[in-house]
Amino acid sequence: MSAEKPKKVTPMMQQWHEIRAQLADDTLLMFRLGDFYEIFLQDAERGAQLLGITLTHRHGMPMAGIPFHASETYIQKLLDQGVKVAIVDQVETPQPGKLVKRALTRIITPGTRLADTQIDAQRNHFLLALSLEKQQLHAAWLDLTTGEFVVASDARPENLFAAFEGIDPREIIVPENASSNWRNNPDAAKFNELFTSLCDGRAVTKIPDYHFDEVAGAQSVMETLGVLNLEGFGIDRDHSALGAAGALVHYSTETLCAKPENLRKLSEYSSKKTLLLDPATLRNLEIFKSAANTRHGSLLSAMDGSVTAPGARLLERWLCAPELNLIEVHRRQDCVAEFVAGPGLSTELQKHLKGIRDIERILGRLQNRMRNPRELGGVRDTLAALPAISGTLLEFPDTPVAAIAERIHDFEPLSELLNRGLADELPGKIDDGGTIRDGFDEELDHIRSLTRDSQQWLTEFELAEQARTGIKNLRIRFNGAFGYFIEVTKSNVALVPDDYVRKQTMKNAERYTTSVLKEREREILSAEEKSLGCEEKLFNALIKSILEHANALKETAEALAEIDVLIGWGALAREWDYCKPQLDHSDQLRIDQGRHPVVEQMLRAERLGLAGAHAFVPNDTSLSSSGVDADTPQIALITGPNMAGKSTYIRQIALIVLMAQTGAWVPAKSCQIGLVDRIFSRVGASDELARGNSTFMVEMNETANILNNATPRSLVILDEIGRGTSTYDGLSIAWAVIEHLHPKDDDGPRTLFATHYHELTQLAKTQARLENYSVAVKEWNDEIIFVRQVIKGAADRSYGIQVARLAGLPTTVIDRAKTILERLEADDSSHNLLRKRMKKAQSGANTDREDDQLALF
Ligand code: ADP
Ligand code: MG
């Protein structure tokens, strides 16, 4: 709406206009006015609607207000709707008759929030900047709450998008003119598709292109990190992603209204150093979220035994970037082994870990000017828990656990200072008073004793005045507007002495003061002010002492998070009987009695409530990229009726590999894995209904991606590929895909292919490194029983009718289906129809018309 501006703009509104002019149109300005944040003019209508609050008008000017004390909730509500909020505060103590100074103190955006009420404790909150230039995709991501800062460049955009899906950015920064530049890039089409899907549901912010300048970026990144070069981080100063990193620094500085103070480290993400999982694979394997889009039911949740929020976040980061480095994998595995072997110590450590607070994020806030006494209490409580943790860790001498323990610093003097300085119970704001402990500072103690004396004096004064006037219910009271006063009820007004000066008339009482009380009032108020001033000074000094240890605290927090994750894995390994997988550079993949980590846990949870439900049935796997013999093929083709357990089986193998390469133990009896460089997992279109109408196209796109990118080191999991189209099309595609994955004279990716196309089992005759497997079922009285066992050899029948019966199809339909099936099977020409067609297709002959089959009916 076009706001009718009042003709004469008041000085306050002039202030508002000046600040508003600096902000982007889509930002909502909240303007501090006494106890309220007011939203004016063009922002008011939008704000009122987004927040569901009343829109009012004053002198024709639209406005809406929210009480200051409840502002957190409202800001949160705006952020959740993807709206950016600019906060303008009063930056001096208001004085009557004078316009109070105000300034923009912070712009809160979905990717730059810091307050603990606005962020998810268990997850990182990344801000991501992207630019596509010189035939490469450049990216940088930053979590302002923890200081995590990463750069990456890759000639193949899809490699980085694999990482983005995992880091799940809250906000994406792109150059303003990106779309026109990007259109000319040879990768534009592919990039745009990935980019569009990444942006779905996320806040995207465009900033001028020059903020992505590489040289300026490198400079501002170094300044912010406080270093003269980036070599210490192993990053070249002309790393081409420094433009994107610079854009992040710029954007953070703009929104924080100051340089971010908690950035100390920059690291590089490289797709060459990481087991890559593309977005489709992450979704299909339900790594971070279940198919129902919840954390529960995901691999992340099944692997999370951490007891602290930083631990949960570290687990997520590790799962985003599984290792290719055996040394690191072994280090983590060996730590888990220590915790598996020492359950008593692990439990004790976990108990201590529960007492620590989120130091990374507390530091992030303290360093970025969000300070309240309780955060300091968090540091104090954490430091108090450290000696016990370090002490317990001494019980693991000469192990990789001890090496982590060495990264936990000793903060004895700081801990002692905070214990002495901070009160046991801390207020939410420094202005509330009571942050600093008695006995810590002489000056403060002295001021406080004056205040305490005054309280004593007031009590005595009240008694004395009661005696002097004979008014028994005379009271000394205080309020913010009138200060201290003597209150006398109307019935006693006649007894009031001459030296009382009337201050205020109430309905039932009169309020007075005297010269003595006035004098004392001045002393008391100034003492309180002095006391708060003194506390604030001491508070800031304590913060300074803490921040002097910021790097050591950060390192300690990182070590604690690692210990938390690894103890959690140890506990899981014990509880679920996991084994330590053997990782090496071979081309093997052997799993002895492997299980699906998530389904197994779900089954047990169900079993607790449901007698008769089954436990998870383990299965073996053996594959190698060279497919040396029939017992270790390169491709395992798995047939079996619907519901037999094919999908579960092939997914469990991918999950076990992924777990192993993050350094965790795995649900198996024993396991050997030659390092995997990428995992690809695809599901046939009709199994993935949730994803819109062109699912077959998507399926084929994704399959193309596999065929183009899989290496002999990759693991490929294909589930019912080809299902999304007509039988013959689908079958032919599946056939050709398998042939492609099975190069004639070369190694191929270790592959598992689940299918209900029986015809594909014929491939074993021509493809030397392909073996048939099936998930066994037993027949009993014309019914089938799922035994969930993967056995060698193709399934003999599909048992579709029996499965349909299990699903509750009416008996009449089942009987009719049986008759039709019998007729089909009796008819020789139809029995071998598909096989004949496939042979013809291979020999290049024309295929029959589809009517052949229809004619049967
Ligand atoms: P398919 O892909 O062959 O149709 P699924 O893999 O979807 O079958 O499995 C069907 C159901 O069987 C799953 O929901 C799962 O609960 C159960 N299941 C699968 N494998 C096992 C197993 N090894 N042990 C126990 N239950 C299993
Ligand atoms: Mg399936």
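1. Start with Val88: this residue is buried, at a relative accessible area of 0% (buried means under 20%, exposed over 50%, partly exposed in between, with a 1.4 Å probe and protein chains only). Val88 sits in strand 5, residues 85-90. Helices and strands here are DSSP runs numbered from the N terminus, H or I of at least four residues for helices and E of at least two for strands.

2. A word on ground rules. This is a predicted model, where local features need pLDDT of at least 70 and side-chain atom pairs count only at pLDDT 80 or more, while totals for chains, interfaces and linings use all residues. Residues are numbered from 1 along each chain as its sequence is written, chains are lettered from A and ligands numbered from 1 in the order in which they are written, and side-chain values use heavy atoms, with hydrogens and water left out.

3. Who surrounds Val88? Leaving aside residues up to four places away in sequence, Val88 touches Ile19, Leu29, Met30, Phe31, Arg32, Tyr37, Arg102, Ala103 and Leu104; contact means heavy atoms within 4.5 Å. Take Tyr37: Val88 and Tyr37 are 51 residues apart in sequence, yet their C-alpha atoms are 8.5 Å apart.

4. Now the sheet I'd look at. Strands 18, 22, 19 and 20 make an open sheet of 4 strands in the order 18-22-19-20, with mixed pairing; two strands pair if DSSP finds at least two bridges between them. Strand 18 (582-584) and strand 20 (619-624) are at the edges with a single partner strand each, so one side of each has no neighbour in the sheet. Direction ignored, neighbouring strands are turned by 10° against each other on average.

5. Within that sheet, strand 19 (residues 588-594) pairs with strand 20 in the antiparallel sense over 5 bridges. One specific pair to click on: Ile591 has Thr621, in strand 20, as its bridge partner.

6. Helix 22 (residues 646-662) lies across strands 18, 19, 20 and 22 (the last being 670-674), and runs at about 110° to strand 19. Axes are lines fitted to C-alpha atoms, for helices over the stretch in contact, and angles run from 0 to 180 degrees between N-to-C directions.

7. Zooming out, the chain has 30 helices and 27 strands, and 52% of its 857 residues count as buried. Its C-alpha atoms fill a box of roughly 125 × 70 × 65 Å along the principal axes. Among contacts with a separation of 6 or more, 69% come from residues 24 or more positions apart.
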